[in-house]
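Subject: Handing over a structure

Hello,

Here is the structure for you to take over. Please open it first, then read the notes below.

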Amino acid sequence: MRHAETVTFGGSGLDRAAEMRGDADALAQALTHPDTRTIVFWRGKPLIHRDRPAHLLRVALDHPILSNATEAPILLGREDGAARFVHDISNWEPDDLDTAALGGFLDPSEQHYPGLPEADVFAELRRVMTWLSPRDAELAATAKAVMGWHLSHGFCAKCGAASEIAQAGWQRTCPACGTHHFPRTDPVVIMLITYGNSVLVGRSPGWPEGMYSLLAGFVEPGETLEAAVRREVFEESGVQVGQVDYLSSQPWPFPASLMFGCHGHATSREITIDPTEIEDAIWLTREEMMAVFAGERADILPARKGAIAHFLIENWLADTLD
C-alpha cells in the first residue's frame, strides 16, 4: 500500500462482498448467522465506544437496539468471513434531545441509548474519525455515505415515482419505469498549490475562527482533474497553475464526495479572491506552516485532523508525499 492510501477513510482492504448483494439466499443466511454483526447509526452518527482506544461498535442482529430500525439493513461487506451490515435507528428519540448542535461543523453532542454502557454513544463522525482504526473508519464512512444517498434519493429521477431499495442497499429500483439508480459520488479536487517554499491556503465563511485549509472544488462534467484544479484555483484566488500531479484520494461522506488530492505548481503569486467563493487566501512559507501545525500561531488554525487537506500539508512539511 502506498503511503498516500493511509489517509483517513483511505481504505482498509474491506471485503465488500459485492457478489452477495443480489443473492437472496446468501443474504438470508447471513442475516441468521451467529457471527454476523451490524453497526448502528442514528441521524448520521455511528454508535461508538468513546473511551480510548475508541472503536466502532458491532452488535448482534438480536440486539434490543435494533427494534428501532424501520428499514432493512444495508450490507457493508465481510470481516473474517462474517457479514457486516448497518442499521439506521433515526426514528428513536432520545430524552432531553438538544437539536441545536445536530448537523453542526463539529457537533460535540453525544446521544446515549438506554441500557448501553455509559461509554457507548452516538457521535458525529467528523469529530471522532481520527479515533477509529482504518477498518472502523472505512465501515463508518461507507455506511454514512450510502445511507445519506437513500435519504436524498427516495424518488426516481426519471419519472418521479417512489423508488425501492434493492441489491442489499446498493441500488434503488423504480417500480413504475424500471430505472435502476446507484449510489452517487461527487468528484472534488483539493489542491496543494505551491510556489517555491510557500503553500496557498484559504478559508470559507462559517469555518471555525482562524482556520485555513487547501482550496477545493467540484469537478465539472467533461473536465479532467488537472483542468478542474487550474480552474478552481484561478476562480477562487486568481492564482495561475501550471503542472498538476495526482497525490492521494479520500472518500468524504459529508455527504457524498471523493476528494482527489492534487499538487499544483503555481505560475503566479498575486492573490485576488472571489468573495462569493472564499473569505480569504494567503501564502504561507513552509516555516510558517510548521509553526501553525505546532500551535505557535494564535491567528491561524490548521485544517482539521483526518481531512485530506491536513494529510497533504503534513506530508508536504515532512517531504513524504508520494
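Start with the largest cavity. β14 and α6 each supply at least two residues of its lining. The greatest share comes from α6, with three residues. Please keep in mind that this is a predicted model.

The lining residues of this cavity are H3, A4, L247, S248, F311, L312, N315, L321 and D322. By class, five of them are nonpolar, three are polar and one is charged. The volume of the largest cavity is about 40 Å³. How many cavities of 30 Å³ or more are there? The count comes to one.

Next, the largest pocket. It holds about 680 Å³ of space. The lining is made up of 32 residues. Which of them are closest to the centre of the pocket? They are I190, W207, L214, A216 and M259.

Several elements give two or more residues to the lining of this pocket. The strands are β11 (186-195), β12 (198-203), β13 (215-218), β14 (241-252) and β15 (257-266). The helices are α4 (225-237) and α6. β13 gives the most, with four residues. The lining of the largest pocket divides into 19 nonpolar, six polar and seven charged residues. Note that β14 and α6 appear in both places: they give two or more residues to the lining of the pocket, and each supplies at least two to the lining of the cavity.

Now to α6 and its neighbour. Helix α5 covers residues 286-293, and helix α6 covers residues 308-318. Their axes come within 10 Å and cross at roughly 125°. That angle makes α5 oblique to α6. The crossing of α5 past α6 is left-handed.

Which residues meet there? From α5 come R286, M289, M290 and F293. From α6 come H310, I313, E314, W316 and L317. The residues of this contact divide into six nonpolar, one polar and two charged.

Last, some backbone details in the loops. Two peptide bonds to look at are cis. One runs from R52 to P53, with omega near 0°. P53 is in the loop between β2 (45-49) and β3 (55-56). The other runs from F254 to P255, with omega near 10°. P255 is in the loop between β14 and β15. Both of those strands also help to line the largest pocket.

Where is R43? R43 is in the loop between β1 (37-42) and β2. Its phi is near 50°, a positive value in a residue other than glycine.

If you want a route through the model, begin at α6. From there you can go to the largest cavity, where α6 gives three residues to the lining. Then go to the contact with α5, where W316 and L317 are among the α6 residues involved. After that, turn to the largest pocket and find β13, which gives four residues to its lining. Finish in the loops, with P53, P255 and R43.

Best wishes

Note on methods
Residues are numbered from 1 along each chain as its sequence is written. This is a predicted model: local features need pLDDT of at least 70, side-chain atom pairs count only at pLDDT 80 or more; totals for chains, interfaces and linings use all residues. Side-chain values use heavy atoms; hydrogens and water are left out. Axes are lines fitted to C-alpha atoms, for helices over the stretch in contact, and angles run from 0 to 180 degrees between N-to-C directions. Angles under 35 degrees count as roughly parallel, over 145 as roughly antiparallel, 65 to 115 as roughly perpendicular and the rest as oblique. A crossing is left-handed if the near helix is turned anticlockwise from the far one by less than a right angle, and right-handed if clockwise. Contact means heavy atoms within 4.5 Å. Ala, Val, Leu, Ile, Met, Phe, Trp, Tyr, Cys and Pro count as nonpolar, Asp, Glu, Lys and Arg as charged, and the others, Gly among them, as polar. On a 1 Å grid over the protein atoms alone, a cavity is a set of points where a 1.4 Å probe fits but cannot get out, and a pocket is an open set with protein on both sides within 12 Å along at least five of seven lines; lining residues have an atom within 4 Å of a point. Grid points are joined across faces, edges and corners, and a volume is the space filled by probe spheres set on the points.
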